[in-house]
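Dear colleague,

I am passing on the structure we spoke about, and it is shown just below. After it you will find my notes, which begin with the chain as a whole and then turn to single places in it.

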Amino acid sequence: MDQTQRMDPNKTMLTGAPGFDPMRTQAMSPIGDPNRTAAMSAMPVGPTLTAAISSSRDVTMANGPAREQFLLELTAGGMAGFAGGRTPLNLCLAIDRSGSMEGMPLEYAKHACNHVVDLLSSNDVLSIVTFEEVVDLLMPPQQVMNKEQIKQGISQIQPGNTTNLHGGISLALQQVMQTNDPGRATRIIVLSDGDPTAGIKDYTSLVNFSSEVKARGVTITFLGFGPDYNEELLAGMAKKSGGNYYFIPRPEMIPEVFRTELERLMTVVARNLKLELDIARWVTLRSNHGQQGTERTVTIQLADLERGATMEQVFDFEFSNHPLGHYRVASGVLTYDDGGSGRTETINLDFVMEFSADSTRYSAPQNPKVRGAADLALASRAVEKTIMGLKNSQITAQMAIADLQKTQALLLQQGRTQDAQEVTLALRAIQSGDTGSAEKTLMGTMVNLDQGKR
């Protein structure tokens with residue numbers, strides 16, 4: 001029998017529950033059929049997703065090498081008609097119950113799970129997985145009908161031994177894939193306080209696994225708790241899966257962070273965003289974080305969008321010697337799952353530039369909106385450089401503070417108040433000598449900036 005599925009006499013089981021079988025890993029039997037009640041149909045209030053393209057200048061130089069940037073803005077509109085005015089969920093909680101979670105951390109995690117149950121409705125589907133060396137299915141996917149029974153199962157979670165992160169996510173993926181309803185926002189939320197110490201443990205394999213999960217239409221959010229978890233790994237997995245990343249320095253913050261993530265999830269209106277970009281043969285796309293594909297064709301997986309949110313993506317193009325006129329430098333196809341209709345929708349995109357020999361035109365100042373978005377993209381790389389410099393002792397604390405103060409000023413200038421506050425927390429941690437907390441906080445800032453959401 002697979003080690004991650006073997007029987008453990010200490011594992012959490014709700015004995016006496018309907019359908020209880022001592023030879024199964026299920027702790028609780030389904031209360032309802034998750035496929036019985038589909039997400040309620042929604043009537044769009046305006047388009048669910050709109051796209052706008054802006055270039056750094058209206059005109060660039062012809063008959064010579066040139067370089068310009070394009071800003072793609074995606075804006076999610078409002079939706080009506082959902083039960084309770086929100087997106088129905090297909091959610092799996094994957095809770096680390098390794099030995100290091102014993103005591104108050106695990107108690108706060110249970111409290112957070114109970115809070116999630118209270119926030120959900122009978123139109124949501126929930127499943128719960130716990131993991132240590134052994135991976136257990138505490139609750140198979142079911143509609144949230146009998147909340148007290150669910151909470152009784154949660155109360156029986158007990159600490160175990162080592163941490164099998166890959167096994168926990170794998171079992172969670174199996175649960176959310178059982179509910180094939182495109183009208184639901186599907187998410188795995190992982191809470192862990194440590195490094196993987198069982199099962200698959202290496203960084204590359206786990207990050208690539210997150211990409212595979214994303215390709216199946218499932219997003220993972222990671223909540224890193226305490227001083228010992230691997231923030232580089234969890235942030236990398238969150239980015240690849242299109243999910244969010246949170247640093248929780250104290251156990252009493254766990255319920256609030258769960259609530260924040262759940263409230264965001266309840267307003268998701270566009271899921272599984274994918275941009276396929278075809279680049280003209282005489283155009284070079286400079287580095288765009290997270291791109292995949294050949295030199296001429298690039299595929300970019302984007303994060304889900306909540307109601308009213310805007311996502312910014314900057315593309316940096318270089319042009320060889322090109323004649324006068326208007327030319328398409330790239331074309332794109334954006335696909336996404338509409339949370340209201342449940343259909344996969346498509347938006348066609350054209351990146352067009354005019355080439356001119358008039359220096360007064362191609363030397364005009366850059367579009368400030370495009371320039372600002374490009375600066376934010378650079379800020380993400382600057383934060384990453386600061387994190388790695390601290391980790392590798394390549395920069396001093398004073399050097400890190402100076403770099404972060406510049407980033408903080410830029411974030412405030414661009415209206416990124418929450419990200420600027422996170423940098424403030426990191427600055428305070430560095431000044432107090434706690435570089436570990438600073439690195440974990442800054443990882444969240446970097447993930448937020450990479451997503452490009454406002």
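Please keep in mind that this is a predicted model. I start with a residue you may like to locate by eye, Ser393, which sits in the loop that joins helix H8 (368-391) to helix H9 (397-413). Ser393 is not a glycine, and yet its phi is positive, at about 60°. Is Ser393 buried or exposed? With a relative accessible area of 62%, Ser393 is exposed, because anything over 50% falls in that class.

Before the other residues, a few words on the whole chain and on how far the prediction can be trusted. The average pLDDT of the chain is 85, and 87% of the residues reach a score of at least 70. For residues 1-45, however, the pLDDT is below 50, although in the model this stretch has 112 contacts beyond near neighbours in sequence. Where pLDDT is low, the predicted coordinates should not be read in detail, so I would ask you to treat those contacts with that caution.

The chain contains 11 helices and 17 strands, and 56% of its 454 residues count as buried. Among the contacts with a separation of 6 or more, 76% are accounted for by residues 24 or more positions apart. The accessible surface of the chain is about 18600 Å², and carbon and sulfur atoms hold 49% of that area.

Next comes a pocket. Rolling a probe the size of a water molecule over the atoms shows where empty space is left. The second largest pocket has a volume of about 950 Å³, and 30 residues line it, with Tyr245, Tyr246, Gln418, Glu422 and Asn448 lying nearest its centre. Two or more lining residues come from each of strand E9 (245-248), helix H6 (254-265), helix H10 (417-431) and helix H11 (435-451). Which of these elements gives the most to the lining? That is H10, which contributes 7 residues. By class, the lining of this pocket divides into 9 nonpolar, 11 polar and 10 charged residues.

Helix H6 also holds Glu256, which at 40% relative accessibility counts as partly exposed. The C-alpha atom of Glu256 is separated by 7.7 Å from that of Ala112, even though their positions lie 144 residues apart along the chain as a separation in sequence.

Two neighbouring residues deserve a look together, since Ala62 and Asn63 both belong to the loop between strand E2 (59-61) and strand E3 (66-80). Ala62 is buried, with a relative accessible area of 6%, whereas Asn63, at 47% relative accessibility, counts as partly exposed. What does Ala62 touch, leaving out residues up to four places away in sequence? The answer is His322, Pro323, Leu324, Phe355, Ser356 and Ala357. Of the pair Ala62 and Phe355, the C-alpha atoms are 4.7 Å apart in space, while the two residues are 293 apart in sequence. Asn63, for its part, has a phi near 60°, which is a positive value in a residue other than glycine.

Strand E17 (residues 344-356) contains Val352, which counts as partly exposed at 43% relative accessibility. Once its neighbours within four places in sequence are left aside, Val352 is in contact with Phe70, Tyr327 and Arg328. From C-alpha to C-alpha, Val352 and Arg328 are 4.3 Å apart, with a sequence separation of 24 residues.

The last residue on my list is Arg184, which is found in the loop between helix H3 (165-176) and strand E7 (185-192). Is this arginine, Arg184, buried or exposed? Arg184 has a relative accessible area of 1% and is therefore buried, as the limit for that class is under 20%. The C-alpha atoms of Arg184 and Thr87 are separated by 6.5 Å, and these two residues are 97 apart along the chain.

With best wishes

Notes:
Residues are numbered from 1 along each chain as its sequence is written. This is a predicted model: local features need pLDDT of at least 70, side-chain atom pairs count only at pLDDT 80 or more; totals for chains, interfaces and linings use all residues. Side-chain values use heavy atoms; hydrogens and water are left out. Helices (H or I, at least four residues) and strands (E, at least two) are DSSP runs, numbered from the N terminus. Buried means under 20% relative accessible area, exposed over 50%, partly exposed in between (1.4 Å probe, protein chains only). Contact means heavy atoms within 4.5 Å. Accessible areas come from the Shrake-Rupley method with a 1.4 Å probe; for residues, only the protein chains shown count as cover. On a 1 Å grid over the protein atoms alone, a cavity is a set of points where a 1.4 Å probe fits but cannot get out, and a pocket is an open set with protein on both sides within 12 Å along at least five of seven lines; lining residues have an atom within 4 Å of a point. Grid points are joined across faces, edges and corners, and a volume is the space filled by probe spheres set on the points. Ala, Val, Leu, Ile, Met, Phe, Trp, Tyr, Cys and Pro count as nonpolar, Asp, Glu, Lys and Arg as charged, and the others, Gly among them, as polar. pLDDT is the predictor's confidence in each residue, from 0 to 100.
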